Amino acid sequence: MFSTTNLFLAVIFFYTSSVHSQTCENFGQLNGTSCECPTGTGGSTCSELACGGNIFEGSQRPLTSTSSGGFANLTSSGCSCQSGWTGTGCNVCQTASACQSAANSLESSDSSLTGDDDGQNNTLVCNTSPKVWASSQMSCSVDNPTLQALYPLSSTLNIIRTLNPSLSPLPNVTSFGSAGSLYAQLFYEGEEQFYCKSDSCDQDSNNWSCQDLECICRPNTTFCGGVPATNLTGAINTLTGTLNIDCGDVDNSTQQATCSFKQATIDSLFGSSGLVLNGCSFGECLRQSVLDSNGTTSTASSTSTQASLSGGVIAGLAVVGGLLLTAAVFLLLGCFSQRRARKSGYNQFGSGNVTVEWSNISYIVQNSTKTLWRKRKSSSEYNDDKVILDSISGRVLPGQMMAILGPSGAGKTTLVEILAGKHKSGSVLGQVSFPSVSQSSPRIGFVPQQDVLPSTLTVHEALLFAARLRLPENIPDAEKHARVDAILQKLGIEGLKNVRIGDNTNGRARGISGGEMRRVSIGLELIARPDILILDEPTSGLDSVSAARVANVLHAIAHDSSSPTAVIASIHQPSSQLYQTFDTILVLSHGRSLYLGPGSFAPVDHLTRTGLTQPYQQGYNVADYLLEVASDPPLALLQSSKHYLPASGSDQVELSNVMSMEKVEDEKSTSIDLRVAIKGGAIFGFGGKSQYATTFLTQLEHLSGREWKVLRRDKTLFFTHVAVAAVLGVFCGGLYFNIDTTIAGFQSRVGCLFFLGALIAFSSLSALYNIVEIRPLFLRERSAFYYSPTAWLLSRFFFDVVPLRIVPTIIVSTITYWMAGLAPDAAHFFKFLFILVLYTLALTLFNFLLGTLFRNGGIAILLSALTALYQMTYAGFFVHLDSIPPVLRWLQWLCPLKYCLEALSVNEVGSGLMIQDSLQGVPVDVSASLIMNLLFGFGQNNYYRDVLVQFAFIAGFGLSVIGVVWIKVRERR
């Protein structure tokens, strides 16, 4: 009965496979009804062993007698070697005289053996070096401590290496097999346990490398089922592939050398040195002339074979090559498109002179408690849903400024957003038309309430960025600079040209004021030369002086003689001076229009004539009076209100006589049905033809330039990441400093690798913060068609991932790697870095996905943290993956950390790491790859598979981010 230790060691060698059948054992060659047996074997099936004699005797050698167990046994047969011969089976010559005597003793000696004078020295000598000239015999002791723990008696290995059989004294007698072949037999206490062969061998000094290894375990021998608990049949019969026999120089005192028997499975059991063979004796009888000729004869089979790339390497190179090729193709196409755009003719645009009319605009928001349970209702079914706007109509001519007044909740912001073509979450009905536009849709500039600006840029840089992306690419850069300078002068902020917009330096640099920010926001829209300018409460939050400056700027824009522009602005509680700057007034109350007509005192006169409102007191602010009326208007006023609009060349006419949805105007016009436009997601030209003024490559160029400026000026985040990475690298390296090679030490090695993966998973959470922080700026610039989402994502990828993700990952990994004493060679170190960089990219893109998928940053961070915990669970470190119930086990295939940890572990044990330990006094000297498979379930050959899976995660998350940003991350109001 085997102890627990023996059972553990037995598992190390246990593999299952089918047992091969063979007519002639020891890979003898069937010749009719008999077998031609390898040197040192005989009998009808080559299962008997030579007992004494020498290799020159061939089939006449005495053989062992079969033991009671049915197997030939050299020990029980009492076999002994003649003088000058040694090794298991007495196949290895020791002296030249032994070879010559054996040859002379043959009754039928020919001249080649007797040394007749043919011009060459045919005297037989014994070559006792590891280098093979013709066909060499070698016999070694197998003294592996782990193997001896299972099989404590003597184990020996015989190997026949045939380089050129024609140079052997008696081909097919003193040699066996074709050129470049190898035959091996393992004996345990004199009994043959298994045998192997290999071909296509190449000799390099003392080392042999062979292909097509095949081994057969002899059933019911000690190794092969005689002891069921330690049956090695499966392991031996599955030994295939490349075999290497590497030998050192012969010790002159003992005439022996140390060799290693190396093959992939054996290496996994005993380490990169394979099965170590001690006390190896070498001997081959050959003519002196062969030595004198220095072995010039060679065969095709002994030609050096070149190692071929594995399938994983080829697939990985194909993926990387495909990505590089795709990037190169897109780059060439981008350069071609950019070049063509810059050479195209320049057509003037944005000349103003555009009238905007809107008819019966309504906006309804469904009851929030019903939208989850009911289908979207038709326009005739809006009963208890909230009506924000109710049949609002109006018109603004070029050169006019319209103020939309009303108390909070009257619908001012909703109306200007609908006129500006913004995406709305509710249902929009009505029609907007542009009577003076004949073909393309007009350019509409929209300034929101909030000033969303790039805080680290100067005023001039922000405007120039907008000019380079919103003006056509064929406009020279010098003209764009001039345009920016003109806008700065028009807005009265030329003195702030080189002042940063916001304060990102902890108070050490002053930002601009609120009124100046508002003028910069207006300037960003003026850069694009809009035909219509719409503003949402441009004076809110400003003092009276700043508000007056903004109003004067808008007045100058509207009344520009060269390009008169229709300006529409919602105003909340304007001062008397600010009110007087507007030409036209629209008063809203509870989503309905109380008045539309000229400004100044015209609204007061109109309301006074109705007799439904309290009288106006002279000297009172007209705007305040209108807001008081609109805050609580009489029901009769809402029902009987008339809407007036100034018409060119006349006093006042009713709007109903000017705007009719059924009437076809004589002049050409562009009109949009909002019901169709909102559903299609395209208002004012949002579709069909590209709305971007520049090509993709130009967008990426200027976005990258801005990101570089931001990174260079705000170094806090970068240096924090680097400092934290360095500190954590030292901490982790100190925690796992110089890990030993015991079983516990190997577990600590994998723990170190797991720690690095978990650290990357949690540190990538900062990518979420960056996305949430920059999202409002992206939404504003995307809605204004600065650039495509793909260009923005690429710029974020280059200037967020590289400095804030990859650089810190390299720092923490490099420090930890060398302090922990992991594989000390460059190849494994760079493979280690490579898989961590891929994992960093995958996790960063995953957090990008969460940051774009959820508006609420708290939800995104929560999900990212939970995902990190899930990855830690299924990485294979805390729980063996095969022990997880099948209903949950499949989740491991979706875990990026699992593939990262497996690749890191495989890379580490692939360096030849050996586990040297003892269990209950039994020495253990096995390859770490076996322990890795037993403890964590990682596959030894899975590194390149894991690399490809990481590439798949990167591609999947990357495409998902692009899709989410294109479809979901857009301005919705």
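This briefing describes a six-stranded sheet with its packing helices, one exposed arginine, and the internal cavities of the structure. The model is predicted. Its sheet is open and has mixed pairing, and a search of the whole structure finds seven cavities of 30 Å³ or more.

**The sheet**

- The six strands follow the order β20-β21-β22-β18-β23-β24.
- The edge positions belong to β20 (444–447) and β24 (592–598); each has a single partner strand, so one side of each is left without a neighbour in the sheet.
- On average, neighbouring strands of this sheet are turned by 15° against each other, direction ignored.
- At the β20 edge, the partner is β21 (residues 532–536), and the two strands pair in the parallel sense over four bridges.
- Within this pairing, Phe-446 stands opposite Ile-534 in β21.

**Helices packed on the sheet**

- Helix α14 (residues 544–558) lies across three strands, namely β18 (401–405), β21 and β22 (566–570). The helix runs at about 135° to β18.
- Helix α17 (residues 622–631) also packs on the sheet, where it touches β18, β23 (584–589) and β24. The direction of α17 makes about 30° with that of β23.

**Arg-340**

- Arg-340 is located in helix α9 (residues 311–343).
- With a relative accessibility of 53%, Arg-340 lies over the 50% cut-off and therefore counts as exposed.
- Arg-340 and Glu-473 are separated by 133 residues in sequence, while their C-alpha atoms are 9.8 Å apart in space.

**The largest cavity**

- The largest cavity holds about 250 Å³ of space.
- Its lining consists of 16 residues; Phe-194, Ile-236, Ile-266, Phe-270 and Leu-275 are the ones that lie nearest the centre.
- Helices α6 (233–237) and α7 (264–270) each contribute at least two lining residues, and α7 gives the most, with four residues.
- By class, the lining of the largest cavity comprises 15 nonpolar residues, one polar residue and no charged residues.

**The second largest cavity**

- About 60 Å³ of space lies in the second largest cavity.
- Strands β9 (155–162), β10 (181–188) and β11 (191–204) each supply at least two residues of its lining.
- Among the residues lining the second largest cavity are Asn-158, Ile-159 and Ile-160, together with Tyr-183, Ala-184 and Gln-185, and also Tyr-195 and Cys-196. The lining further includes Asn-26, Phe-27, Pro-38 and Thr-41.
- The lining of the second largest cavity divides into eight nonpolar and four polar residues, with no charged ones.

Note on methods: Residues are numbered from 1 along each chain as its sequence is written. This is a predicted model: local features need pLDDT of at least 70, side-chain atom pairs count only at pLDDT 80 or more; totals for chains, interfaces and linings use all residues. Side-chain values use heavy atoms; hydrogens and water are left out. Two strands pair if DSSP finds at least two bridges between them. Axes are lines fitted to C-alpha atoms, for helices over the stretch in contact, and angles run from 0 to 180 degrees between N-to-C directions. Contact means heavy atoms within 4.5 Å. Buried means under 20% relative accessible area, exposed over 50%, partly exposed in between (1.4 Å probe, protein chains only). On a 1 Å grid over the protein atoms alone, a cavity is a set of points where a 1.4 Å probe fits but cannot get out, and a pocket is an open set with protein on both sides within 12 Å along at least five of seven lines; lining residues have an atom within 4 Å of a point. Grid points are joined across faces, edges and corners, and a volume is the space filled by probe spheres set on the points. Ala, Val, Leu, Ile, Met, Phe, Trp, Tyr, Cys and Pro count as nonpolar, Asp, Glu, Lys and Arg as charged, and the others, Gly among them, as polar.
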